[in-house]
Amino acid sequence: MSNEESFRPTVLQRILDDINFMMCLGLVIPTVFYTLWGVMEVATIPLGK
Amino acid sequence: MAITTAQSPFRTDPLTGLRIDLTAQALVKVNAVLAVVFLLVGGTAGLLVALTRWPAVHLLPADLFYMALTAHGIVALMVWIIFFEIAVLYFVASTLLSCRLAAPKLAWTQVVLMVVGAAMTFVAILQGDSSVMMTSYVPMNAAPHFYLGLILFAVGALIGCGVFWGTLVIAAEEKTYEGTLPLTVYGCVIATIIAVFTIASGAIILIPTFLWSLGLIKSIDPMMYRVIWWAFGHSSQQINVTAHITIWYTVAGLAFGAKPMSEKVSRTAFLLYICFLQFGSVHHLLSDPGLSSAWKIFNTSYMMYLAVLASLIHGLTVPGSIEVAQRRSGLNNGLFEWLRKCPWGNPVFSSTILSIIIFGFIGGVTGVVMSVEQVNMIIHNTIYVPGHFHGTVAGGTTLAFMGLTYYLIPVLFQRQVIMKPLAALQPWLFGIGTSIFAIAIMGAGTLGVPRRHWDVTFAGQALGFEWPGMAQMMLAIGEIGGVIAVLGGALFCVIVVGSILIGEPVPANAKNIVAPPADAGGHKEIGMGGFEAPGTFILAMVLFVTLVLYYFVNFKYLATLWTLT
Amino acid sequence: MGYSFTAPAKNWATEPIERTEILWIVIAGSWCLFMFCWMIAWHWIGNQNMANEAYKTTPEAYAKKVEEFTAKYTVRQDKSDPSLPVVAPPPGSDVYLAASRWQWRPIVEFQKGKSYRVHISSLDWDHGFSLQPENINFTAYPGYDAVVTMTPNKTGTFGIVCNEYCGIGHHTMLGRIYVKE
């Protein structure tokens, strides 16, 4: 057991293993860069003369 | 208030040694059977489409063609695939983690909602006033229950994702596994995350559209609709990609005793999916006005092609892990002995390897090229597009699901697969038919033939013109391939349903069918020239050269066009 | 020991990566970077790019512009369909094309090698602008006026096919562009 206690996963492993954090990434990144940015693109199309 | 049940809620499967939660098993069975039933429905609609687009047959009148095409898109692309994916999620979470399924009542609610939703939308389509295609772009309008059915279906799927996630929580709390989730489960986690984004996007756009169809909202901006609808429409295909890649890894393990070449590489590739894959939604908007090139380039390249890199990595590591496993088991001679001695007559393997090849060479290569911002102008909405996505979704996803089904029929239904010789043939029929279909209609699309079009001969039109003979021929060849693929799909449905109903029961003392872990094989020194998987590397380089050549061919074609600025 | 479907070794993140994978990641990654740069570079080195110029409008306002444009530059009625005017705008001018169920109007006549600011919009549902056999494809939206500057580099008769499904008459929806010397 003591061996298990002393095992320290690397940062990468801890990030990849944290599925709740992965869920946040998977929702926030596309929402910001695709959806929100895209909606802004449409909303800022200028009015025709 | 301890409730004692007469029977243990688990059984140990003799074929795999897996401990299976019986509630989960029932739910997996129901979802899988529903999936196959809808595959049959979607395939039938597809047959009608193929027989109409085949110029010499031209079976249906225009209104029925557009109805069949709408039905084919929704049933084959969404209903079949998502039912199957839910079955996979439940199976993977409960069985591979040896855990009870969370909230069975909710899971049954998922089944009911998805059946009711799918049926509602399907009825709306058959009633004839909802032939709006899967994309249902506003201001074209369908009947309200067309949208409501889709919403119910999506809510059901979301509940399915929740049950999966809940099961992971239980497994972690009850410590049914140690440390890190297995890669198969991890892949399903990734698929579920993409699914949540997908369904949320679907809700954001379909609920207002439903209200609009009832007259409660005055109008919906057509461009806003497309931006958000595609966050739903394209991301749903990214769920499929993630799911079928996960199945590739899994089958490599089940059939060859393979483990990933490197957990770190495969999982990091999945991280790239999570971060960037959903940007692919922009692929449908590249030839739309008013959206800046910065937004288009950033998204269409998945942030510098990082998700493409991830797919290329999976494309190497799955066959690579099979090669390593085969070599460790003693098939270490030359470059390709491991490949020659694969069980090509076993539908589990042949489905999987065909899925990898078709997805890579047909779906993948064309997908990367057509999603270049400028190249998209010569591809957008031509019949090239369905050619591409039949390479990904029929040749890639559906074929991978078929392979897994052959494996799981004896495990879950405890029945032998019937008609073994035909089952051995079936993946080839479906795979080759789909490939002919995809390649040929992409050829027609390169010549400009439009998609979703009842009569490309423009018979009786004053402004009509004739396509080059090559385009007509490509369409004919393609649709013949389509008919072959439908036959392959129908054969699959017959074999699955037949096996469930009349297959020989699996004896209780049956031998374990899971391949022993290959790294226990004792062969330490494998490979050539310091490479453990040299054969796979050569094959990957063939894919690479194909991609590079095809990329520049398209730019050469593009450069001959009118100047556009 | 283990499978793809069993939990990995505890220290999986520190296991070395095999040479096959490393080399492939380097090759594939370099190509990905190249494709990204090439797509950006094509905006300068290529002649086929979308300017992404667009304006919000209304179907009524756009229909009026098309009408004025047609009235101003009509030179004849078309031979194939005498109900359609052929419009020959001067090079460099604004050209207004309207998609509606199920027709592209009007027919226009360009001169080879001259540039035109072609406006594309729809008066009802989404439609497709697919110039054939050249094979140039754009989306036409109601309420959005998209501008693409086009310079034909060959002469001939070009069809405009609608390639965005727009209802039961979709396959009858056509238009035409003539390009003369």
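This is a guided tour of a predicted model, taken selection by selection through chains A, B and C.

**Chain A and the face of chain B that meets it**

Begin by colouring chain A on its own: it has 3 helices and 0 strands, so that its elements are met along the sequence in the pattern α-α-α, where helices are the DSSP runs of at least four residues. Of its 49 residues, 24% count as buried.

Next, show chain B beside it and select the contact between the two, where 26 residues of chain B touch 19 residues of chain A. On the chain B side, the elements that each supply two or more residues are helix H5 (183-213), helix H6 (222-256), helix H7 (263-276) and helix H8 (293-300). Of these, H5(B) provides the largest share, 6 residues. If you colour this side of chain B by residue class, you should find 18 nonpolar, 7 polar and 1 charged residues.

**Helix H3 of chain B and the loop after it**

Now select residues 104-126 of chain B, which form helix H3. With 23 residues at 1.5 Å a residue, this helix should span 33 Å, and because its end C-alpha atoms are indeed 33 Å apart, the expected and modelled spans agree. Among the buried residues of H3(B) are B:Gln110, B:Leu113, B:Met114, B:Met120, B:Phe122 and B:Ile125, and to see what covers the buried residues, add helix H1 (22-53), helix H2 (62-96) and helix H4 (144-173) of chain B, which are included in that cover.

Moving past the end of H3(B), you come to B:Gly128, which follows the helix and has a positive phi, near 100°. Continue into the loop between H3 and H4 of chain B, where B:Pro139 lies, and inspect the peptide bond that joins B:Val138 to B:Pro139, which is cis, with omega about 5°.

**A helix pair in chain B**

For the next stop, select helix H9 (residues 302-328) and helix H15 (residues 534-559) of chain B, which pack with their axes 9 Å apart and at an angle of about 155°. Because angles over 145 degrees count as roughly antiparallel, H9(B) is placed in that class relative to H15(B). The crossing in which H9(B) passes H15(B) is right-handed.

To see the contact itself, show the side chains of B:Gly315, B:Leu316, B:Pro319, B:Gly320 and B:Glu323 in H9(B), which meet B:Gly535, B:Thr536, B:Leu539, B:Ala540 and B:Leu543 in H15(B). Taken by class, the residues of this contact divide into 5 nonpolar, 4 polar and 1 charged.

**Two residues with positive phi**

Stay with chain B and go to the loop between helix H12 (384-413) and helix H13 (420-446), where B:Gln414 lies. Although B:Gln414 is not a glycine, its phi is positive, at about 55°. This residue has 19 C-beta neighbours inside 10 Å and therefore counts as partly exposed, since 20 or more would be needed for a residue to be buried.

Then turn to chain C and select C:Asn52, in the loop between helix H1 (19-45) and strand S1 (53-56). C:Asn52 also is a residue other than glycine with a positive phi, here near 60°. Is C:Asn52 buried or exposed? With 20 C-beta neighbours inside 10 Å, C:Asn52 counts as buried.

**Strands of chain C**

Still in chain C, centre on C:Pro133, which sits in the loop between strand S8 (127-132) and strand S9 (136-140). The peptide bond between C:Gln132 and C:Pro133 is cis, with omega about 5°.

From there, move to C:Tyr178 in strand S12 (residues 174-180) of chain C. C:Tyr178 is partly exposed, because 17 other C-beta atoms lie within 10 Å. Leaving aside neighbours within four places in sequence, the contacts of C:Tyr178 are with C:Glu109 and C:Thr157. If you also display C:Phe158, 20 residues apart from C:Tyr178 along the chain, you will find their C-alpha atoms separated by 6.1 Å.

**The face of chain C that meets chain B**

Finish by showing chains B and C together, where 78 residues of chain C are in contact with 89 residues of chain B. The elements of chain C that give two or more residues to this side are H1, S8, S9, strand S10 (144-151), strand S11 (156-161) and S12. H1(C) gives the most, with 17 residues. Coloured by class, this side of chain C divides into 39 nonpolar, 29 polar and 10 charged residues.

Conventions:
Residues are numbered from 1 along each chain as its sequence is written. Chains are lettered from A and ligands numbered from 1 in the order in which they are written. This is a predicted model: local features need pLDDT of at least 70, side-chain atom pairs count only at pLDDT 80 or more; totals for chains, interfaces and linings use all residues. Two residues are in contact if their C-beta atoms, placed from the backbone, lie within 7 Å. Ala, Val, Leu, Ile, Met, Phe, Trp, Tyr, Cys and Pro count as nonpolar, Asp, Glu, Lys and Arg as charged, and the others, Gly among them, as polar. The expected span of a helix is 1.5 Å times one less than its number of residues. A residue is buried if 20 or more other C-beta atoms lie within 10 Å of its own, exposed if 12 or fewer, and partly exposed in between; C-beta atoms are placed from the backbone. Axes are lines fitted to C-alpha atoms, for helices over the stretch in contact, and angles run from 0 to 180 degrees between N-to-C directions. Angles under 35 degrees count as roughly parallel, over 145 as roughly antiparallel, 65 to 115 as roughly perpendicular and the rest as oblique. A crossing is left-handed if the near helix is turned anticlockwise from the far one by less than a right angle, and right-handed if clockwise.
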